[in-house]
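Reader: I would like a close look at one part of this predicted model, taken slowly and with the neighbouring elements kept in view. Please build the picture step by step.

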Amino acid sequence: MSIQLTPLPLSPKADPVKMAEFGREIKGVDLNNVTPTQFAQIREALYKHEVILFRDVKISPADQAAFTKAFDPTSNGYGHAFDPSVSEISTRLLQMHGIPGVPEVQLIGHGTIFNHEGVARADLNHPTHKEFHKTVVSPEDEAKGYTRYYRWHIDAAFYDLSPPRVTSLYGAVVPKGIPQIVRYDDGSGDELPVTLGATAFASGNNTFELLPAEYKSLAVRMKIKYAPHLYAWVNNTHAVSSGIAIENEGLEVPLGDLPPWTEEKRKVLSALWKNEVTGKLHFQVHPSIAHELLIDPLPAGANRTNALYPDGAHITDLRTVRDILFKIQRPGIASNLVYAHDWQKNDLVLFHNRGLMHSVTGALKDDDIRVFHQCNLHGSDDPAPPSAEDVKKYA
Ligand SMILES: [Fe+2]
């Protein structure tokens with residue numbers, strides 16, 4: 001049986017051109033019995049459409065891990081390392097509950113659950129903006145259904161381990177999806193209707209394509225040096241109201257006070273990651289934990305008019321790093337460029353972690369129970385940077 005692809009239900013606000021290819025539901029596949037031909041079609045759909053959905057799936061954590069690993073067969077191990085000294089200091093922003101025997105699959109969600117897939121008890125917390133943003137939605141507005149994105153991110157450690165190609169999310173227990181409205185609260189007036197606990201996705205290719213020429217030139221020449229132990233470093237910080245950046249308050253843990261780290265394990269990655277099927281460029285930077293920018297000079301013969309940093313630069317001032325990234329990344333999460341997935345029980349969503357950013361939304365109540373199985377494996381290599389041709393075209 002051949003597989004069928006149908007568009008996902010985009011928001012009425014969605015840009016009909018820029019979002020035309022984003023997201024597909026795949027029908028006609030038994031995920032417990034995928035043929036090599038079907039897998040090749042699924043892989044192509046994933047890299048082309050970035051988010052793919054399978055409904056009414058019954059899949060064990062071990063089979064979910066095997067399916068996810070198939071996108072990077074030599075990858076080995078969960079996307080984040082299990083380091084107790086790091087977990088101790090990053091409790092606020094990264095909680096891990098591995099499933100026994102399948103450490104690549106984590107339980108995430110909300111509420112206290114018992115006897116689930118070999119886990120006797122887990123106290124899960126659906127993170128909300130109220131725990132992380134500098135300002136919060138007022139209780140009155142929250143009662144009216146207003147909420148925010150929590151934190152736009154890429155699933156990756158950005159230290160020692162390469163970013164996972166793919167993340168799979170399986171909705172084992174899903175609370176009723178009442179309507180909410182994500183507000184940006186940044187003066188833009190922008191907002192996006194979602195359902196409770198929706199996962200928001202925005203394409204890094206749209207972020208890149210939207211940029212004016214001088215920023216495309218900067219992006220194609222830019223590398224990011226990440227802080228070691230990402231969520232430990234920013235454990236005490238606060239995010240801006242759209243969740244796309246960290247406020248400059250000087251609350252980062254000094255690098256010398258972090259759990260032990262070594263310079264050679266720090267990740268330096270290009271800002272643009274090349275899609276391994278389409279060849280498109282995706283602006284993929286984890287804005288919360290970017291530490292330094294390394295910018296190559298313009299290549300010989302490039303037009304220097306309006307060029308940013310034509311002679312190259314090494315930017316270590318955190319405020320400047322964040323200002324540059326915010327200018328580039330905020331337009332890419334405008335409500336007309338976001339797909340917010342309305343979860344149903346037994347949905348399996350697979351997303352191209354090297355091609356998009358995503359964020360939790362909403363705030364669950366104390367008695368809401370949500371149990372998701374999340375799986376990703378750190379990449380077997382680093383993402384492909386722009387090619388020499390890309391540099392020539394955009395620099
Ligand atoms: Fe995530």
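Author: A good place to begin in this predicted model is the pairing of strand 3 with strand 19, which runs in the antiparallel sense over four bridges. Within that pairing, leucine 53 of strand 3 has valine 349 of strand 19 opposite to it. Leucine 53 also serves as the bridge partner of glutamate 25, and this belongs to a second pairing, in which strand 2 and strand 3 lie parallel and are joined over two bridges. The side chains of strand 3 are divided between two directions, with Val51 and Leu53 pointing one way and Ile52 and Phe54 the other, and all of them are buried.

The connection from strand 2 to strand 3 involves helix 1, and together strand 2, helix 1 and strand 3 form a β-α-β unit that is right-handed. Helix 1 covers residues 36–49, and because a rise of 1.5 Å a residue would have its 14 residues span 20 Å, the 20 Å between its end C-alpha atoms agrees with what is expected. Its buried residues are Ile42, Leu46, Tyr47 and His49, and the elements that cover them include strand 2 (24–27) and strand 3 (51–54), as well as strand 8 (166–173) and strand 19 (348–352). Strand 19 therefore appears in two roles, since it is among the elements covering the buried residues of helix 1 and at the same time pairs with strand 3. Just after the helix, glutamate 50 adopts a positive phi of about 75 degrees, and strand 3 takes up the residues 51–54.

For context elsewhere in the chain, there is also an open sheet of four strands, ordered 13-12-16-17 and paired in the antiparallel sense. Strand 13 (268–270) and strand 17 (313–315) stand at its edges with a single partner strand each, so that one side of each has no neighbour in the sheet. From one strand to the next, the twist averages 20 degrees. Inside this sheet, strand 12 (residues 222–226) and strand 16 (residues 290–295) are paired antiparallel over five bridges, with lysine 223 standing opposite leucine 294 of strand 16. Helix 8 (residues 318–329) packs on the sheet, where it touches strand 16 and strand 17, and its direction makes about 75 degrees with that of strand 16.

Notes
Residues are numbered from 1 along each chain as its sequence is written. This is a predicted model: local features need pLDDT of at least 70, side-chain atom pairs count only at pLDDT 80 or more; totals for chains, interfaces and linings use all residues. The expected span of a helix is 1.5 Å times one less than its number of residues. A residue is buried if 20 or more other C-beta atoms lie within 10 Å of its own, exposed if 12 or fewer, and partly exposed in between; C-beta atoms are placed from the backbone. Two residues are in contact if their C-beta atoms, placed from the backbone, lie within 7 Å. Two strands pair if DSSP finds at least two bridges between them. A crossover is right-handed if, with the strands pointing away from the viewer, the path from the first strand over the helix to the second runs clockwise. Axes are lines fitted to C-alpha atoms, for helices over the stretch in contact, and angles run from 0 to 180 degrees between N-to-C directions.
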